[in-house]
Amino acid sequence: MSIARRACLTLLWLLPLLAQAKSAQKAQPDAPGFEYIEMMPAFVVNFGTTGRIGYLKAEVSLRVSAQAADAVDLHMPALRHELIMLLSSQSAEALTSPQQREALRLAALEAVRKVVAAAAGSPPADGDAKLPETGVQDLLFTSFILQR
């Protein structure tokens with residue numbers, strides 16, 4: 001049997017498998033509707049103003065809608081600035097318990113949403129406490145290390 005004939009038979013044998021793989025791929029959803037953006041490099045800041053100054057290293061990831069990913073990437077310097085200012089303004093006592101770290105996480109999420117909303121030209125109205133939808137769904141501390 002010639003090499004060309006073997007190649008044709010192999011292709012004919014593989015065609016149904018390729019068609020089945022394509023149809024299975026179409027049946028699955030393409031994407032979950034969000035993506036994670038890791039804010040690199042990690043945040044390293046001083047904290048505490050009285051007594052001994054401590055250091056905080058935090059790695060942060062943002063869960064954003066697929067539509068908002070480009071806007072978040074575009075405004076990453078402003079987002080990093082806002083988080084650095086927030087993290088460095090914390091007291092040592094405010095970072096020790098898990099409940100206080102969760103409150104910090106929520107404050108950081110709110111700060112990120114405000115920056116993205118302001119950059120998009122839709123900051124909240126003066127009397128409006130609710131931010132417009134920014135596509136930033138969550139903020140996660142993937143690493144949180146304190147040294148005092």
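Let me start with a cut-off: a residue is called buried when its relative accessible area is under 20%. Keep that in mind for the charged side chains later. One caution as well: what you have in front of you is a predicted model.

First, the sheet. Three strands form an open sheet in the order 1-2-3, and the pairing is antiparallel. Who sits at the edges? Strand 1, residues 34-47, and strand 3, residues 136-147. Each of these two has a single partner strand, so one side of each has no neighbour in the sheet. On average, neighbouring strands are turned by 15° against each other, direction ignored.

Now look at strand 2, residues 54-65. How many bridges join strand 2 to strand 3? There are 10, and the two strands run antiparallel. If you want one position to find on screen, take Glu-59: its bridge partner in strand 3 is Ser-143.

Next, the helices on this sheet. Helix 3 covers residues 76-88. This helix lies across strand 1, strand 2 and strand 3, and runs at about 45° to strand 1. Helix 4 covers residues 98-119 and also packs on the sheet. Helix 4 touches strand 2 and strand 3. Its direction makes about 130° with that of strand 3.

On to the charges. Side chains of opposite charge can pair when their charged atoms come close. How many salt bridges does the structure hold? Two. Arg-105 takes part in one with Glu-102, where the closest N and O atoms are 2.7 Å apart. Both residues belong to helix 4. They are three residues apart, which means a separation of about one helical turn.

Arg-105 also meets Asp-138 in a salt bridge, at 2.6 Å from N to O. This pair links distant parts of the chain. Arg-105 is in helix 4, Asp-138 is in strand 3, and their positions lie 33 residues apart in numbering terms: they are 33 residues apart.

So, buried or exposed: where does Asp-138 fall? Asp-138 has a relative accessible area of 15%, so it is buried. Arg-105 is at 15% relative accessibility and therefore counts as buried. Glu-102 is at 35%, so Glu-102 counts as partly exposed.

Put the three together. Glu-102, Arg-105 and Asp-138 form one network, joined by salt bridges that share partners. On screen, start at Glu-102 in helix 4, then follow Arg-105 across to Asp-138 in strand 3.

Terms used
Residues are numbered from 1 along each chain as its sequence is written. This is a predicted model: local features need pLDDT of at least 70, side-chain atom pairs count only at pLDDT 80 or more; totals for chains, interfaces and linings use all residues. Side-chain values use heavy atoms; hydrogens and water are left out. Two strands pair if DSSP finds at least two bridges between them. Helices (H or I, at least four residues) and strands (E, at least two) are DSSP runs, numbered from the N terminus. Axes are lines fitted to C-alpha atoms, for helices over the stretch in contact, and angles run from 0 to 180 degrees between N-to-C directions. Contact means heavy atoms within 4.5 Å. A salt bridge is a side-chain nitrogen of Lys or Arg within 4 Å of a carboxyl oxygen of Asp or Glu. Buried means under 20% relative accessible area, exposed over 50%, partly exposed in between (1.4 Å probe, protein chains only).
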